[in-house]
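Visitor: Could you take me on a close look at the place where the ligand sits? I would like to know what surrounds it.

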Amino acid sequence: MDRFLIHGPATLRGRVRASGAKNAALPALAACLLAGEPVALTRVPRVRDIGTMRKLLDHLGVASEERGDALVFHPGTPAEENGEAPYELVKTMRASVLSLGPLTARWGRARVSLPGGCAIGVRPIDQHLAGLEALGADIHVAGGYVEARAPRSGSGAGAARRLRGGRFRFAMPTVTGTENLLMAAVLADGTTVLENCAREPEVGDLARLLSAMGARIEGAGTETITVHGVPELGGARHEVIPDRIEGGTYLVGAALTGGDVTLEDAEPADLAPLLEKLAEVGATVEVSGRSIRVAGTGELRSADVATAPHPGFPTDLQAQYLALMTRATGVATVSETVFENRFQHVPELARLGAVIEVAGPVARVHGPTELAGAHVMATDLRASACLVLAGLAAHGETTIHRIYHLDRGYERMEGKLHDLGATVERVRGPMPD
Ligand code: EPZ
């Protein structure tokens with residue numbers, strides 16, 4: 001298992017380009033299951049989760065190839081026995097559940113392994129299933145798998161299966177739940193109205209791709225989405241939006257290390273909740289066009305934050321923000337309202353000398369503290385990013401173990417940090433005895 005060796009304290013300076021968004025690319029790949037013609041996607045980040053989704057699509061009959069800067073997906077027909085997303089693939093990546101909606105919509109049936117538990121929370125998919133039922137699907141859960149069958153759209157055993165338009169209100173704004181139902185509704189017979197939808201930019205990006213393929217969607221990015229079903233979809237060429245979470249990580253790094261970083265080719269509006277907070281704690285924040293500059297000029301002030309669905313403060317930046325607050329003067333209260341177990345980075349930060357108390361969904365960070373290098377363990381994707389940032393601010397050498405978590409969602413991280421003046425070394429293989 002690879003690990004990172006970070007030599008600190010470092011000061012991040014320079015320009016960095018945001019990669020494409022992992023959480024927009026994953027549903028975009030799943031949408032290729034709906035396509036009747038090839039789909040070319042550009043700015044797809046080369047991270048491990050994308051590799052896993054490509055494997056799943058290949059298993060489901062959609063082959064892909066690199067062509068220039070694009071990944072091209074060729075529509076295929078899942079053979080009877082492999083209209084299934086197997087446990088082996090789903091267990092490594094929950095987002096495989098995004099195959100459920102498109103498979104049921106396109107082929108009338110799907111069998112998808114239930115995504116197990118996750119480090120950051122229980123993460124049920126009850127809303128995905130209830131939403132499909134609202135579109136007429138018959139849902140059956142057994143043996144660790146969910147099986148969905150669309151109703152027959154005519155009489156007689158041979159009649160095709162097709163979802164029906166309907167109305168569904170999510171109990172909470174779920175990102176992949178909204179994406180799954182959007183992909184299910186585009187081929188349904190009739191109109192679907194989805195309420196209390198997630199408004200994350202990644203949902204809007206999926207709707208842009210589906211519309212380019214011929215879907216008829218209104219209101220994506222708002223709480224209510226209306227979809228007028230069509231009989232079939234074509235192909236498209238689509239550029240995935242920049243990764244606001246990856247980009248935000250580097251901007252937090254600039255403030256944390258007292259550096260000066262310009263994030264290029266980003267979407268400032270998608271990062272508004274973070275930029276407001278960085279300005280509040282005393283960093284310099286400048287936006288011009290698609291570039292965002294953040295500089296940590298002097299003393300950082302602590303500021304409270306509570307995570308929330310977009311346009312609230314993203315839970316995927318909570319850990320990075322918590323690392324920032326270890327260097328700020330005062331006590332910051334960080335409330336995690338989206339996932340019930342997302343403070344596993346706290347004991348690891350304590351190993352670097354941070355002073356943080358956790359009580360249920362609330363962490364209180366005391367600062368400023370001088371961090372010192374140590375061995376720490378990554379526990380999930382964003383916790384790993386938090387430890388990288390803390391390692392950059394710490395004096396001496398920090399070793400981060402299990403960075404396979406990081407590789408799931410950060411493209412070329414050590415290369416990008418190197419370009420920003422940091423010394424981050426990847427050591428391959430297990431620790432010597
Ligand atoms: C997406 O996960 C992201 N993943 C997550 O990013 C992100 O943290 C999360 O949205 C919130 O922004 C992808 O897009 C692939 P949710 P998702 O459904 O869709 C509860 C990262 O680091 N819920 O919006 O799985 C759920 O338990 C990852 O890149 C139900 O109870 O999150 C949670 O408490 C981590 N029943 C809340 O809703 C359901 O059926 C929000 O989860 C669905 C969700």
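Guide: Happy to; here is a walk around the ligand, followed by a neighbouring topic, the sheet that one of the helices lies across.

A word on the model before we start: it is predicted, with local features needing pLDDT of at least 70 and side-chain atom pairs counting only at pLDDT 80 or more, while totals for chains, interfaces and linings use all residues. Residues are numbered from 1 along each chain as its sequence is written, and side-chain values use heavy atoms, with hydrogens and water left out.

There are 21 residues around the ligand, where a residue counts as near if one of its heavy atoms lies within 4 Å. Asp-126, Thr-174, Thr-176, Asp-316 and Val-338 come nearest. By type, the shell divides into 9 nonpolar, 6 polar and 6 charged residues; here Ala, Val, Leu, Ile, Met, Phe, Trp, Tyr, Cys and Pro count as nonpolar, Asp, Glu, Lys and Arg as charged, and the others, Gly among them, as polar.

Four helices each supply at least two residues of this shell: α1 (22-31), α5 (126-134), α6 (175-185) and α12 (381-393). The largest share, 3 residues, comes from α5. Helices here are DSSP runs of H or I with at least four residues, strands are runs of E with at least two, and both are numbered from the N terminus.

Now to the oxygen atoms of the ligand. A backbone N or O atom of Val-338 lies 2.6 Å from one, and a backbone N or O atom of Val-175 lies 2.8 Å from one. From a side chain, a polar atom of Arg-342 lies 3.5 Å from a ligand oxygen. The protein covers 86% of the 840 Å² of accessible area that the ligand has on its own, as found by the Shrake-Rupley method with a 1.4 Å probe.

Let us follow α6 outward. This helix lies across β11 (191-195), β12 and β13, and runs at about 25° to β13; the angle is taken between N-to-C directions, from 0 to 180 degrees, of axes fitted to C-alpha atoms, for helices over the stretch in contact, with contact meaning heavy atoms within 4.5 Å. These strands belong to an open, mixed sheet of 4 strands in the order β10-β11-β13-β12, where pairing requires at least two DSSP bridges between two strands. β10 (167-169) and β12 (216-218) are at the edges with a single partner strand each, so one side of each has no neighbour in the sheet. From one strand to the next, the twist averages 15°. β12 pairs with β13 (residues 225-228) in the antiparallel sense over 3 bridges, and Arg-216 has His-228 in β13 as its bridge partner.

Notes:
A polar contact is a pair of N or O atoms within 3.5 Å; within protein, one must be able to donate a hydrogen and the other to accept it, and residues adjacent in sequence count only if both atoms are side-chain atoms.
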